[in-house]
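Colleague: Could you take a close look at one part of this protein for me, the third helix, and then walk me through what surrounds that part? I'm new to this, so please keep it friendly.

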Amino acid sequence: MHFTTHIDGSTARITVHGDIDYDTLPALRAAAGGLPPSVTELVWDLEHARFMDVAGLHLLFEEKTPEYPLRKTTVTNLAPQPLRLLVLAAEVRPDLEFSRLFPDTPTALLDD
């Protein structure tokens, strides 16, 4: 797994190339944690992440700490398997408001 980071103003886009699992989670956390304080929006581009296990849920929904400031977080370009995992998690934990992560995913896909 590797990733690229692109910062444009106050928005950072981290594009993941490969699986998101517990082996890759520390590097992805470090990438998000290492963003400058001026970044207020984080977009996880998962077009090239074809597999994500529960570690991806931890990445997207973990509690914010001083080293990981509160940022608007969204996900884009979800492959079928990561999307299905997020939909299943939304069924189990509706209080997490998963729909806020999906600015470009049709609501019908989330309601299946």
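Modeller: Let's start with a word we'll need: a residue is called buried when its relative accessible area is under 20%, exposed when that area is over 50%, and partly exposed in between. Keep in mind that this is a predicted model.

Now for helix α3. In this helix, P82, L83, L85, L86, V87 and A89 are buried. The helix covers residues 80–92, which makes 13 residues, and at 1.5 Å a residue they should span 18 Å. The C-alpha atoms at its two ends are 19 Å apart, which agrees with that expectation.

Just ahead of the helix there's a loop, running between β4 (72–76) and α3, and N77 is found there. N77 isn't a glycine, yet it has a positive phi of about 55 degrees. Why point that out? Most residues other than glycine have a negative phi. As for its surroundings, N77 counts as partly exposed, at 34% relative accessibility.

Back to A89, one of the buried residues of α3. A89 also helps to line the second largest pocket, together with V54, L57, H58, F61, E62, R93, L96 and F98. That pocket holds about 160 Å³ of space. Which helix gives the most to the lining? That's α2 (residues 54–61), with four residues. Sorted by chemistry, the lining has six nonpolar residues, one polar and two charged.

R93, another residue of that lining, has a partner too: R93 forms a salt bridge with D95, and their closest N and O atoms are 2.8 Å apart. With a relative accessible area of 39%, R93 is partly exposed.

The count of salt bridges comes to two. The side chains of R13 and D45 also meet in one, at 3.0 Å from N to O. Here R13 lies in strand β2 (residues 11–17) and D45 in strand β3 (residues 41–48), so this pair ties together parts that are 32 residues apart in sequence. R13 is partly exposed at 34% relative accessibility, whereas D45 is buried, with a relative accessible area of 7%.

D45 turns up again when you look at T15, which has its place in strand β2. Leaving aside neighbours within four places in sequence, T15 is in contact with H2, F3, T4, D45 and H48. T15 is buried, with a relative accessible area of 11%.

Pocket residue H58 leads us to one more helix. H58 is touched by L25, which also touches A55 and L59, not counting residues up to four places away in sequence. L25 lies in helix α1 (residues 25–33) and is buried, at 2% relative accessibility. L25 and A55 are 30 residues apart in sequence, but 6.4 Å apart in space, C-alpha to C-alpha.

Now zoom out. The protein has four helices and four strands, and from the N terminus on they run β-β-α-β-α-β-α-α. Buried residues make up 39% of the 112 residues. Among contacts with a separation of 6 or more, 73% are between residues 24 or more positions apart.

Technical notes
Residues are numbered from 1 along each chain as its sequence is written. This is a predicted model: local features need pLDDT of at least 70, side-chain atom pairs count only at pLDDT 80 or more; totals for chains, interfaces and linings use all residues. Side-chain values use heavy atoms; hydrogens and water are left out. A salt bridge is a side-chain nitrogen of Lys or Arg within 4 Å of a carboxyl oxygen of Asp or Glu. Buried means under 20% relative accessible area, exposed over 50%, partly exposed in between (1.4 Å probe, protein chains only). On a 1 Å grid over the protein atoms alone, a cavity is a set of points where a 1.4 Å probe fits but cannot get out, and a pocket is an open set with protein on both sides within 12 Å along at least five of seven lines; lining residues have an atom within 4 Å of a point. Grid points are joined across faces, edges and corners, and a volume is the space filled by probe spheres set on the points. Ala, Val, Leu, Ile, Met, Phe, Trp, Tyr, Cys and Pro count as nonpolar, Asp, Glu, Lys and Arg as charged, and the others, Gly among them, as polar. The expected span of a helix is 1.5 Å times one less than its number of residues. Contact means heavy atoms within 4.5 Å.
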